[in-house]
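Student: Could you take me through one part of this protein slowly? I'd like a close look at a single region, and then how that region sits in the whole thing.

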Amino acid sequence: MVNIFMTNYIGKSIPRKDAFDKVSGAAVYAFDIDNIPDMLFCKFLTSPHAHARIVSIDTSSAEKIPGVAAIATGKDWPVKIGLYAGDRDILAVEKVVWIGQPVVAVAAQTEEIAERALEAIEIEYEILPAILDPVAAKDSNEILVHEKMAEYGHSSAFNPVPGTNIANLFKLRKGNIKDGFSKADLVIENTFRMPQVAHAYLEPIVSIGHYCSDGTIEVWSSAQSPFTVRYLLGVTFAVPISNITVYTPYIGGGFGGKAGLNFEPLVVLLSRKAGNRPIKLRLTREENFRSAPIRVGMMAHIKTGVTSDGRITAEEIEYIWDSGAFADYAVNVGRAAGYVSIGPYDIDNIKSDSYTIYTNKPYATAFRGFGHMELHWVIERQRDFTANKIGMDPVVFRKSNTLKPGKSVTANQDRLREDAGSIDQCLDKVWIDLRENLSKTSPEKPWFFRGIGIAGFMKGPAQPPNSASSAYVKFSEDGGILVSVGTSEMGQGTITSLAQIAAEELGLPIEKVKIMGDRDTDRDAYTWQTVGSRSLFMDGNAVRDACKDAKGQIFEIASQVLRVPSEDLILKNELIFPKGEKWKHLSLAELVMGYMYPTGESIGGPIIGRGKYIAKMTMLDPETGAGKPTIFETFGAQGVEIKINALTGEITIKRLVSAFDIGKAINPELCKSQIIGGGVMALSIAMNEQLQYNEEGNLLNPNLVDYVISRAADIPEEFVSYLIENPQEDGPYGARGIGELTMLGVPAAIGNAIFNAISVQINDLPLSPEKVWSEIQQQRPELLASLKQKIFED
């Protein structure tokens, strides 16, 4: 059972453990690391073509430039690498597949010398036809991004189709789709799109690699998942994993863009060529835009059958995900979105195909929400349109079809657990708030319109069934502890919540719990990856397990000293004592390094607690998607109140209201900070962000001037956050993850608010003023005529 008694630290807004380092400037990032002896600097030359064969590379002139230590091409290590599919070159080997792909890399005494060397390198290309549209690429067998796909290794969880551009196809089937549509009174079809976007994290990617003369490898990197980097480097260079050490200092934002393997193999390869000297690569902002991974683009067609009284009888969806040049995390994005295709709804008849498609654009990777913001843009817009067509309140309609804990069977044909949380409570909280607080005053001008919109959603971590986390707690002489975990700190605040769990379990003041903000794969406990809002649940359970292990060791020693059975002992406020007899106590400091009797005889020894947790999931059926795909589902809802100018298309977000059923808020203030941060990021994506290409595939906005992100003036006037706590029994103190969910419903809520305010349906993001104004002109010419008449009369 979940502990419901009064706690010292669980549910309390403890200040962040990393706050002082970050606000004082003491925090060290990979960019800051310049003190490694004999270090060289790397720059790389990229492809100017979206698709071309490499005819020749001439580096002879560059090699003669003083200060150049090494030059590498793809032929120096022509090994295919990749997280889920081995489709990627460290440097392009036979051909290039997007504008910005690294082709030649130089290591030199300074970055300036390396750049001069790049200018001296000559490459001859044979230009090939490129394919940029994922819809066209899906059906093409003439223009192939990867002709040799059949030769690539890939994870058994994925289904690439050789001879095509299909990197993965995920199928979801439930019931009989034909019968389901035959029972519908109304069938509604729509097509929705989201463009590729950039992660736009504050810190561009930095990697330092050292292939040591003894055959070991050291890497310093701004990577979210150091243990994944270590594992894949071992595979890439055929080096035992125990001979590789990955260090990750504080990370200046990741949002999924630093989750996998990025440029670490390149700097390790160059180090090997440069006589085992360390190599540092730090991307400029433009290089990060052009050559680092991005977020997938998406197109979806949805067909929904519904009865006149509001019951969804069938839903058929085709998702097409633009993976760019490589599969990377994009295939898992398509898979994860595929098995949650219909969102938080109980529908008997489902057919969904989720295609991840190669194109000649920068390759896509994980992004905050992992495809779920995109799929809920589709699902939640469709829900509002359907409710409108049958004349039902949008929340009443949703609740007529939502998953019910302990009763509903999910799209994966798995009964929803009884303690899964409640999407209905989230919807009610947001909708009631929006309706009660909608501004009652008339707009100041007749061309201003107000509207509210809502979206519900669900998400759990996308990870393999064998993903695991571990932790250990090590005591110091005064009874304080060091907590070691593998999860990375990149702004989300997880290490503070983990410290709270440890303090609660061991009865310690939070000040005596130390948890490092950097990561060292030799020093720290293992975790699979820092992705998917999994860390609090997985690493939190591991920390709790480690504390219980330590407590068991402490009680074993104390029971001998106090002559009381272990089960009758209590550990609280750094004291161990028998139940009801606090005066017969021992201090932690007396025991944790071993207890010495007055005679000098000693028992025990240094206490080190070890803990672990492994995911409780199954593989999914490749034909139906049936199985148990995740360890928890967090439900939520978000809504907005907007003001829209019908004459310009400008939208002002007045209020953002969010509700999440997170089981238990370990640290409420951290949760609310996540909600605000994720909400603002989602607003930016909904309103502004889009990677734009010309017909040749060249990125047109590779900087933060032309790639528009929200500024301070775009932030809503008010944020309202509700934390609902229906605890999950196997979560740490009942908690579920929240991080990624904080942005999932925002775009759909804004789109629905526009429709409710002005009866204009917009199915493609971003919702820029230009696009909104264009759609108003096309869909509501009579409204504009009326407004012009009013202006003329005034």
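Tutor: Let's start with a bit of vocabulary: a residue is called buried if its relative accessible area is under 20%, exposed if that area is over 50%, and partly exposed in between. Keep in mind that this is a predicted model.

Now go to Asn 573, in the loop between strand 23 and strand 24. Its relative accessible area is 43%, so Asn 573 counts as partly exposed. The backbone is worth a look too: Asn 573 isn't a glycine, yet it has a positive phi of about 50 degrees.

What about the strands on either side of that loop? Strand 23 and strand 24 (residues 575-578) pair in the antiparallel sense, with four bridges. If you want one pair to find on screen, Leu 571 stands opposite Ile 576 in strand 24. Both strands belong to an open sheet of three strands, ordered 23-24-25, and the pairing is antiparallel. Strand 23 (569-572) and strand 25 (586-587) are the edge strands, each pairing on one side only.

Next, find the helix that goes with this sheet. Helix 14 (residues 535-562) lies across strand 23, strand 24 and strand 25, running at about 120 degrees to strand 23. Helix 14 has 28 residues, and from its first C-alpha to its last it reaches 38 Å, close to the 40 Å expected at 1.5 Å a residue. Of those 28 residues, 20 are buried, so helix 14 is largely enclosed by the rest of the structure.

Have a look at what comes before and after this helix. In the loop between strand 22 and helix 14 you'll find Ser 533. Ser 533 is another residue that has a positive phi without being a glycine, this time about 55 degrees. With a relative accessible area of 17%, Ser 533 is buried, while Asn 573 is partly exposed. Then, just after helix 14, Arg 563 takes a positive phi of about 55 degrees.

Time to zoom out. The protein is divided into three parts: domain 1 (33-128 + 204-253 + 258-291), domain 2 (294-462 + 619-789) and domain 3 (468-614). The numbering puts our little sheet and helix 14 inside the range of domain 3. The centres of domain 2 and domain 3, taken over C-alpha atoms, are 40 Å apart. Where those two domains touch, 21 residues come from domain 2 and 22 residues from domain 3.

And the insides? The largest nonpolar core has 174 residues, and Ile 750 and Ile 754 have the most contacts inside it. Helix 17 (residues 746-758) gives the most to this core, nine residues. Domain 1 and domain 2 both give residues to this core, so it lies between them. A second, separate core has 44 residues, including Leu 508, Val 561, Val 564 and Leu 591.

One last stop, further along the chain from helix 17. Pro 766 is found in the loop between helix 17 and helix 18 (769-779). A cis peptide bond joins Leu 765 and Pro 766, with omega at about 0 degrees.

Key. Residues are numbered from 1 along each chain as its sequence is written. This is a predicted model: local features need pLDDT of at least 70, side-chain atom pairs count only at pLDDT 80 or more; totals for chains, interfaces and linings use all residues. Side-chain values use heavy atoms; hydrogens and water are left out. A nonpolar core is a set of buried Ala, Val, Leu, Ile, Met, Phe, Trp, Tyr and Cys residues joined through side-chain atoms within 4.5 Å. Buried means under 20% relative accessible area, exposed over 50%, partly exposed in between (1.4 Å probe, protein chains only). Helices (H or I, at least four residues) and strands (E, at least two) are DSSP runs, numbered from the N terminus. Domain bounds come from an automatic or database domain assignment. Two strands pair if DSSP finds at least two bridges between them. Contact means heavy atoms within 4.5 Å. Axes are lines fitted to C-alpha atoms, for helices over the stretch in contact, and angles run from 0 to 180 degrees between N-to-C directions. The expected span of a helix is 1.5 Å times one less than its number of residues.
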